[in-house]
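Got your viewer open and your selection syntax warmed up? Here is a walk through one chain, stop by stop, with something to select at each.

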Amino acid sequence: MSTPEQPGDPAGALRRDVSDPVDLTPLSPVGRLAATVDRLSREVRAAQAEAEGRALIELAKGILVARLGCGPAEAARQLAELAEQSQATPLEFAVDVINQAARDRMSEVTEAFLAATAAVRATAPGEGADTAEPGEAVAESAAVRLRAAESGALAADDTQAVADALLEQALRPLGAVAVAIWAVGYDGSLTLVGSAGFPPAEAARWRYVPPDVATVARCGLTERSGQWFASPARTGLPSVGRHQYPDGGRVAVPAGTGGRIHGVLEIAWPMPLPPQPPQVVRQVEALAELCAHTLESYTPPRGPGQEPRVIPDAVELMDLADGLHDPALVLVPHLDASGHLADFRIQHVNKRFMDPAGRPRAVVGGALLLEAYPMAAGDSELFQNVERVYATGEPFRARHMNLTALVDQVPLSAVADISVSRHGNAVLLIWRIEDETARLASLLQHAQRLGRIGGFEENLLTGEITWNGQLFDLYGRPHTSTPVPLEELAAHAHPDDAVAIGRFLRTLLHHRRPASAAFRLRRPDGVTRHVRVVAEPVLDTDDRLLLVRGACQDISAQHWTEVALAATRDQLAQTEQQAVERARLTLQLQHAIMPPAQTPLQVPDLQVAVRYRPAETEQLVGGDWYDAVMLPSGLVLLCVGDVAGHGIEAATSMVVLRNALRGLAVTGAGPGQLLSWLNIVAHHLTGGVTATAVCGLYDPARRTLRWARAGHLPPVLVRGPGAQPLPLVRGMLLGAVAEAAYEEAEAQLAAGDTLLMYTDGLIERRDRPVEEALAQLLSTVRPTPNTLDQHLDRLLTYSRSDTDDDTCLVGIRVG
C-alpha cells in the first residue's frame, strides 16, 4: 500500500511504498553517516518540492481571487472543492488554473501533451469513457513539472540554480542525467554559466569555449534550431561530460528571445537517444526559452585586474557610426505582436551614407530595412545575414555583394563590401560601394598582368619617358633604371629585326600614324623574348607631334606555339599525302586484279554474274576477292575469299591467294584438295596471313556443284519460293596451321536454281549475331528477280551491313 501523493510533491519525491523491504543489517559508522546524508538530502529535496508546490497553489489562489472577486479563504475552499470534483490533486488543479490564465509557452506544451493523449485514446479500441488514461497522468505530470521548473528557475538567484531546478524538476523524468547552460559572448564564445549532473572538475574544464571551436553547443548556436544527436561521439563533436557519457544522446537548443540568442541549453542522456515525439521537443524548447529570460540579464564576470565591459547602447553606436569613413547604418530589432523578430529598423544613418539608388539620408533613416531595401531578402541574402549576426553575435563580412534598391519599381544595384556586427542590442551595418573608376583601373592592371602587357608614354618635347612596372619586368630591368627611348629600340633587339623596327619608327614618328611591329628583345640577363609593340602618336592643337603612347606585349609563348603548330601542320599534311598515295596505290592494285566490271562467262544453260563493292572509306581497302573462270576440263571454278585486315598488306595477300588458286585449279584436283594446297601457300609463303574462302567446281553437264569451305559462310541455294544455305562441311580458315584437310560436299542443281557465294561484308552487323544476319539474307533473296544481274543488284541495295567492309558476290543460275 502506498501513501497518497502530497500536494507539494510534483515529481513524486515524497512517495514511498511502506511495503518495501527494509535492510536491517547493522551499518558501520561510515555507512550510518552516508545513510544520514542521503536521508537529509531527500528531506531537503522534498522540502524544496513542497515549497514550489505551495508557490504554485498560492499563485492559483490569487488567480481565483481576481476572477471570483472573493477572499483568500474562499479561494482556497473553491480550489479544494474544484480539485476534488475533477478527481485531481490540488497541485495538478492549480497548474491547470495557471495554464488557462497564462496562455504562454508552458500552456502550449501542456495542450500538446493532452492533444496527443486524446488522439491515442480515440484510436485505442475497447476503452470506456470512465477508464483511467495513463497518458493523462503523463500529461498532467508534465504540466506540473514544467510549472515547478519555471517556479524554481524564477526563484533562483543565478544560472547555476536554474540548471539544478531544470534537471530535478523537468529533465530527470525524461531520462536526462545532466544539463549545461551556456552563455554566448559578444565575440561568439561560449561560457558555461550553469550545470547539473556533471562532475565539478569537468564543468570547470569546460568553463570557456573560444569562438569558432566546433562543439555540440556550438551546433545549436550556429544552426539556430534544436540539434538532437542520437550519439554525438559518432559525429566526433566534443562536449562537456563526453567521457562520462561516451555513447549518450545530446540535445543543444538555442535560448533566445525576440530573435536574439542569449545562450544554449544542452541536455545529456546516458544512452543513445532515439527520435523523440513532438511533445518532448516542444517541452525542451520551452525550457530553453525559460533559460533565455535568465541569460538575458547575465553579465560575464571580469577577471582579476580587468575593467567591467560596457555594452554600448544605440546612442553610443550612432556616435561610433558618425566617426567612420564608410557608409554605415545602425539597426535595432523590430518585433511583431507576439514578440518575434520581424524586421530591423534603421535607427541611424551616418553622414557618409551612400544609397545605391541615390536617395537622401532622410528617406532611408527611420524606415524598416526590408521596406527601404526589399531586395535584401533575395539573392544577396543580406537580411538573413543581419538576422544571423543579431541572433548569434558572430560578425559577418563579404566582398563584392550586390546591393539592390527599388526606385519606382525599377531595381538599381551596386557592388559593395559588407560588414555586419552586433553591439549590445543593436547591429552596425557598414558597406563600401566600389568606385567604378577604381574598379576599372584594377581590372586593367589585372588584364595587363595576365596578358604580359607593359605600357609606356614618351614626351618628344621634354624627353620624359614613363613606363609601368610590367614593362620594366618585360625588359628584365630594375624598376629604378632609366627607360629605353624609342630611338634606341633597335639596340636592344636582334640585329635581324632592325628593318622591321626602322619601318615601325618611320611610320610612327615621320608619317605620324599608328604602327606596330614584332621583334626579338634581347634582355640584359641573356634571355630573348618575342615582343609585339603597338604605339600611336599624340598631336597638339598645332598638329605637331607631342608624345607617343603605346604598349609592348610578350608574345613568346604565342610565337613558339605558332612555330610548333606550323611544324605539326606540315607533318600532318605530309602524313595525309602519304595516306592518300597509299590508298590510291591499293585501289589501283585491287582494281587491276578485280575490275569493277568483269566480262561475263559464256557457259551453255548457265548464267554467271559477279559483283564487287569496295569499302566506303578508302583507308579501309580490304582483302575480299572473288573468281569465276572456265577451266580446261570444262568445269567452272567459283570462289570467294576474305583476307584478314585492311590496307595494302591485305590487298597484296589477296592477290597471292587468288592467283595461286587459279594456278592450282588447272591440275584437275577437287575443291577440298585445292583449299588444302592454298592453306600451305597462306601459311608458308605470305608471312602468316589468315583468310577464309569457299571454293566450288560446277559441272555444266551434270548440273552438280562440288564445294568446300575454309572457315567461310556456306553458299545459299535459292529454289522456287525458298532459300537455304547448303549444309555445312568441316574446314578451318586458311593459314592457321601448316597442314589442314577440307571436307567436300556435292549439291545437285535443277533448272531455275540460283546459287550465291558472298563475303561477310554483305550481311555483317555490329549489333547482331551472324545467325540473325544470315536469316535476314535468306528473307532478302526471295522472290527471285527475272535476271541474275537484277538479283545481285537487289542484294547489294537491300543489304543491312553496317561494318563498312568490302563485299564480293558471285552468283550462278541454271537455265
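## Starting in a sheet

Select leucine 190 and you'll find it standing opposite valine 209 in β3. Before going further, keep in mind that this is a predicted model.

Leucine 190 takes you into β2, so colour residues 190-196 next: seven of the seven residues in this strand are buried. On one side, β2 pairs with β3 (residues 208-209) in the antiparallel sense, over two bridges. β2 is also joined by six bridges to β1 (residues 178-184), and that pair runs antiparallel too.

Two cross-strand pairs are worth labelling here. Alanine 183 sits opposite threonine 191 in β2, and alanine 180 is opposite serine 195 in β2. Now look at the hairpin that links β1 and β2: there are five residues between the strands, and glycine 188 has a positive phi near 90 degrees.

Zoom out to take in the sheet. Six strands form it in the order β3-β2-β1-β6-β5-β4, with antiparallel pairing, and the sheet is open. Its edges are β3 and β4 (227-229), each of which pairs on one side only. As background for the cartoon view, strands of a sheet pair through backbone hydrogen bonds, either parallel or antiparallel.

## Across to valine 253

Stay in this sheet and select valine 253, which belongs to strand β5 (residues 250-257). Is valine 253 buried or exposed? Its relative accessibility is 5%, and buried means under 20%, so valine 253 counts as buried.

Show what surrounds valine 253. Leaving out residues up to four places away in sequence, it touches Gly226, Gly263, Val264, Leu265, Val284, Glu285 and Ala288. For a distance to draw, try valine 253 to glutamate 285: they are 32 residues apart in sequence, with 6.7 Å from C-alpha to C-alpha.

## Over to β21

Jump along the chain and select β21 (704-710). Six of the seven residues of β21 are buried, so the rest of the structure largely encloses this strand.

β21 has two strand partners to display. With β20 it pairs in the antiparallel sense over six bridges; label leucine 697, whose bridge partner in β21 is arginine 706. The β20-β21 hairpin has four residues between the strands, and arginine 703 takes a positive phi near 55 degrees there. With β24, β21 shares five bridges, and the two run antiparallel. Here the pair to label is leucine 705 and its bridge partner in β24, alanine 747.

Now pick out threonine 704, which is part of β21. What is the relative accessible area of threonine 704? The value is 2%, and the cut-off for buried is under 20%, so threonine 704 is buried. Show its contacts, setting aside residues up to four places away in sequence: Leu697, Tyr698, Asp699, Glu746, Ala747 and Gln748.

## A helix under cover

Next, select helix α19, residues 671-684. This helix has 14 residues and spans 20 Å from first C-alpha to last, close to the 20 Å expected at 1.5 Å a residue.

Which residues of α19 are buried? Turn on side chains for Pro671, Gly672, Leu674, Leu675, Ser676, Leu678, Asn679, Val681 and Ala682. Then see what lies over them: the cover includes α18 (648-665), β20 (691-699), β21 and β24. You have already met β21 and β24 as an antiparallel pair.

## Out to the surface

Where is valine 737? Follow the loop between β23 (722-725) and β24 (744-748) and you'll land on it. Valine 737 has a relative accessible area of 31%, which makes it partly exposed.

Switch to a surface view and add Met732 and Leu733 to the selection. Together with Val737 they form a nonpolar patch on the surface, with about 200 Å² of accessible area.

## The whole chain

Finally, reset the view and show everything. The secondary structure comes to 21 helices and 26 strands. Of the 815 residues in the chain, 43% are buried. The chain exposes about 41900 Å², and carbon and sulfur atoms supply 55% of that area. If you are building a contact map, take the contacts between residues at least 6 apart in sequence: 59% of them join residues at least 24 apart.

Technical notes:
Residues are numbered from 1 along each chain as its sequence is written. This is a predicted model: local features need pLDDT of at least 70, side-chain atom pairs count only at pLDDT 80 or more; totals for chains, interfaces and linings use all residues. Side-chain values use heavy atoms; hydrogens and water are left out. Patches are made of residues with over 30% relative accessible area and no salt bridge: like charges are joined within 9 Å, nonpolar side chains (Val, Leu, Ile, Met, Phe, Trp, Tyr) within 5 Å. Accessible areas come from the Shrake-Rupley method with a 1.4 Å probe; for residues, only the protein chains shown count as cover. A salt bridge is a side-chain nitrogen of Lys or Arg within 4 Å of a carboxyl oxygen of Asp or Glu. Buried means under 20% relative accessible area, exposed over 50%, partly exposed in between (1.4 Å probe, protein chains only). Contact means heavy atoms within 4.5 Å. The expected span of a helix is 1.5 Å times one less than its number of residues. Two strands pair if DSSP finds at least two bridges between them.
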